[in-house]
Amino acid sequence: MTGATDDDGNPINSIPVLVGTTESILDTMARQIHSVASGYAAHEAIATNLWGHLNALGYTRGRFLVAGADAELLAGAPPDQPRVTDGITIDDVDNLPDRVVLVGDLPTTDQWPHRDLNLRPATRSDMDGADLAITNLPLCDARTLSHDSQIDITALHHSLIHQALSWLRPGGLLVALTHRELLDGPDAQPRRSIARQADLIAAARLPASALRAAPLQDSPVDLVLLRRREPGHQPDGINFIDLVPVHVPGAPDLLINDCYATERWAMLGNLVPDPIDPDLTTVAPITGDFTDDLDMVLAGHVREAIDFQLDAHQRPTPIDTPRPPDARSRDRSPSAGSKPEPPAL
């Protein structure tokens, strides 16, 4: 991005000039719009749903970390609570907004907000062995059109997820808001790398424009719950490495992450071809409020995770026990009568 200048290099006006391909210019505009458009209302809606399910999984004791935009809100702080972290940085945390990480004690109640929540800037000693981490990764809903931007956003989110997983104890839980490129990108290597460390126990795809009703902020957003695997345990949870064909009404079959192809009820809207990139899918919102559907999806996933003992309690290292079945072939169906109904269309 450059500004127009005269022959002496003085600015002619304050209107920026964007240079590049159409795709790269739109990607730059998306980043600029993202920086000034707030996702606060949607983050509050996510927080109101999240904490009851974290409580059901048993994450009610110990220490938790939170990072990213609206960190206090996602941590369960009251919406009217002032920010406590402006200008405070952590040396060994890169690429998160303001490089700020907060730490607090897990609330023992699932009632949101947590009026007695005491958040403080994390120190290096806090960032090891946490029970829970919540991360709002950068540019989650910004549309990426150029191939380079898609690679960049996948690499960034892959790196930050690995970093956040390193903060957790074995059996600790990472809650992350990520860009769809991580799960739906054609390169499976980042997902395979994450799967070596963690099991996916929940994924919900928020519809287009869920976070920001602003131009170029209409990429679906994935809310994922990743449980750090204990030493000696085989992969478990929901398969999220592969892309598989899925039928989309009125269009040729398209590729989508296996975690959504097999559990389409986890997408909070109608699956349709992306209007700008027809090789991808998007999720069209059914109404302007995804809150009830998010609560239903998280409840279904949490019941499955508890059934498969993928909750807060650390499992002992297996000793001379038969190898469990591969996670990709394991029956992940909820117990009878527990599978949530898909969102009403």
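Which residue in strand 11 is the bridge partner of Val 246? In this predicted model, the partner is Leu 254. The two strands involved, strand 10 and strand 11 (residues 251-257), run antiparallel to each other and pair over five bridges. They form a hairpin with two residues between the strands, and there Gly 250 takes a positive phi near 75°.

**The sheet**

Now for the seven-stranded sheet. It is open, its pairing is mixed, and its strands come in the order 5-4-3-6-7-9-8. Strand 5 and strand 8 (198-206) sit at the edges, each pairing on one side only. As a reminder of what holds such an arrangement together, strands of a sheet pair through backbone hydrogen bonds, in either the parallel or the antiparallel sense. Strand 3 (residues 63-68) and strand 6 (residues 130-136) are a parallel pair with five bridges. If you want a spot to look at there, Gly 68 has Asn 136 of strand 6 as its bridge partner.

**Helices on the sheet and on each other**

Two helices are worth following here. Helix 4 (residues 147-165) lies across strand 6, strand 7 (168-179), strand 8 and strand 9, and runs at about 155° to strand 7. Helix 8 also packs on the sheet, where it touches strand 8 and strand 9, and its direction makes about 165° with that of strand 8.

Helix 8 has a helix partner too. Helix 2 (residues 40-56) packs with helix 8 at an angle of about 20°, and the two axes are 10 Å apart. That angle makes helix 2 roughly parallel to helix 8, since anything under 35 degrees counts that way. The crossing is right-handed. Helix 2 brings residues including Ile 46, Leu 50 and His 53 to the contact, while helix 8 offers, among them, Leu 294, Leu 298 and Val 302.

**Salt bridges**

Side chains of opposite charge can pair when their charged atoms come close. Searching the whole structure turns up 13 salt bridges. Here are three of them, with the distance between the closest N and O atoms:

| Pair | Closest N and O atoms |
|---|---|
| Arg 115 and Asp 80 | 3.6 Å |
| Glu 230 and Arg 227 | 3.0 Å |
| Glu 230 and Arg 315 | 3.2 Å |

What does the bridge between Arg 115 and Asp 80 tie together? Arg 115 lies in the loop between strand 4 (101-105) and strand 5 (120-121), and Asp 80 in the loop between helix 3 (71-74) and strand 4, so the pair joins parts that are 35 residues apart in sequence. Arg 115 is exposed, with a relative accessible area of 59%. Asp 80 is exposed as well, at 61% relative accessibility.

Are Glu 230 and Arg 315 buried or exposed? Both are buried. For Glu 230 the relative accessibility is 3%. Glu 230 sits in the loop between strand 9 (221-228) and strand 10 (243-248), and Arg 315 in the segment after helix 8 (291-307), so this bridge ties together parts that are 85 residues apart in sequence. Glu 230 forms a salt bridge with Arg 227 too, and Arg 227 is buried, with 0% relative accessibility.

Finally, there is a network: salt bridges link Arg 143, Arg 180, Asp 218 and Asp 274.

Terms used. Residues are numbered from 1 along each chain as its sequence is written. This is a predicted model: local features need pLDDT of at least 70, side-chain atom pairs count only at pLDDT 80 or more; totals for chains, interfaces and linings use all residues. Side-chain values use heavy atoms; hydrogens and water are left out. A salt bridge is a side-chain nitrogen of Lys or Arg within 4 Å of a carboxyl oxygen of Asp or Glu. Helices (H or I, at least four residues) and strands (E, at least two) are DSSP runs, numbered from the N terminus. Buried means under 20% relative accessible area, exposed over 50%, partly exposed in between (1.4 Å probe, protein chains only). Two strands pair if DSSP finds at least two bridges between them. Contact means heavy atoms within 4.5 Å. Axes are lines fitted to C-alpha atoms, for helices over the stretch in contact, and angles run from 0 to 180 degrees between N-to-C directions. Angles under 35 degrees count as roughly parallel, over 145 as roughly antiparallel, 65 to 115 as roughly perpendicular and the rest as oblique. A crossing is left-handed if the near helix is turned anticlockwise from the far one by less than a right angle, and right-handed if clockwise.
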